[in-house]
Amino acid sequence: MKTGIFVGSFDPFTVGHDAIVRRALPLFDKIIIGVGVNERKKFMYSAQVRVRRIEALYADEPRIEVKSYTDLTVDFARREGAQFIIKGVRSIKDFEYEREQADINRKIGGIDTVLFYAEPQYESVSSSMVRELIHFGKDAGEFIPRKAEGAE
């Protein structure tokens, strides 16, 4: 079985993240969405809320699981039996960062990374931009998948 993990903090999970998952799904038998928990980072939503929202979005897709993790991505991948890490890139800056991460993950864990380039309509959508809109009371609904919005 070909398993990929799609990892990030997903604070919140955006329409851009959803687009990557849906594009990756035909390539894998199973995708595990890994919600990263980093105690050095301040989150808008708890890991439990982030997991529940993503689970609600994919409730009708049995090939997708959602789990939180606190260790290195490569260790999470090994534990879950994943052969690939799935990542999305929006810019050359994202590409350079993900290239470096992919190289390290391959060296220390023997796991390859599959990159998906963001569709043009999602290139400017980021979790940090959505958090900023929410913080200032603006409507960020168009940037968050509908089924994921209300699941608490």
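The paragraphs below lead from the central sheet of this predicted model to its salt bridges and then to a patch on its surface.

The sheet is a good place to begin. Five strands make up an open sheet, arranged in the order β3-β2-β1-β4-β5 and paired in parallel fashion. Its edges are formed by β3, spanning residues 64-69, and β5, spanning residues 112-117, each of which pairs on one side only. From one strand to the next, the twist averages 30°. Within this arrangement, strand β1 (residues 3-8) runs parallel to strand β2 (residues 30-36), and the two are joined by six bridges; I5 stands opposite I32, a residue of β2. Helix α1, which covers residues 15-24, packs on the sheet and touches β1, β2, β3, β4 (84-89) and β5, while its direction makes about 115° with that of β5.

Attention can now turn to the charged side chains. As a general matter, side chains of opposite charge can pair when their charged atoms come close. The structure holds 13 salt bridges, and several of them can be placed in relation to the elements described above. The side chains of E98 and K87 meet in one such salt bridge, at 3.6 Å from N to O. Because E98 lies in helix α4 and K87 in strand β4, this pair ties together parts that are eleven residues apart in sequence. Both E98 and K87 are buried.

Helix α4 also contains a salt bridge between the side chains of E96 and R99 (3.1 Å, N to O), and because these residues are three apart in the helix, about one helical turn separates them. E96 is partly exposed, with a relative accessible area of 35%, and R99 is likewise partly exposed, with a value of 40%.

A further salt bridge brings together the side chains of R79 and D71, at 2.6 Å from N to O. Here R79 counts as partly exposed at 48% relative accessibility, and D71 also counts as partly exposed, at 30%. Beyond these pairs, K30, E65, K67 and E80 are linked in a network of salt bridges.

The surface also has a nonpolar feature. L72, I104 and I108 form a nonpolar patch there, and together they have about 280 Å² of accessible area. Of these residues, I104 lies in helix α4, which runs over residues 92-109. I104 is partly exposed, because its relative accessible area of 43% falls between the 20% limit for buried residues and the 50% limit for exposed ones.

Key:
Residues numbered from 1 in each chain as written. Predicted model: local features only at pLDDT ≥ 70, side-chain atom pairs only at ≥ 80, totals over all residues. Heavy atoms only, no water. Patch = residues over 30% accessible without salt bridge, like charges linked within 9 Å, V, L, I, M, F, W, Y side chains within 5 Å. Areas by Shrake-Rupley, 256 points an atom, 1.4 Å probe, with all protein chains shown as cover. Salt bridge = Lys/Arg side-chain N within 4 Å of Asp/Glu carboxyl O. Helix = DSSP H or I, 4+ residues; strand = E, 2+ residues; numbered from the N terminus. Buried < 20%, exposed > 50% of the residue type's maximum accessible area, 1.4 Å probe, protein only. Pairing = 2+ DSSP bridges. Axes fitted to C-alpha atoms, helices over the stretch in contact; angles between N-to-C directions. Contact = heavy atoms within 4.5 Å.
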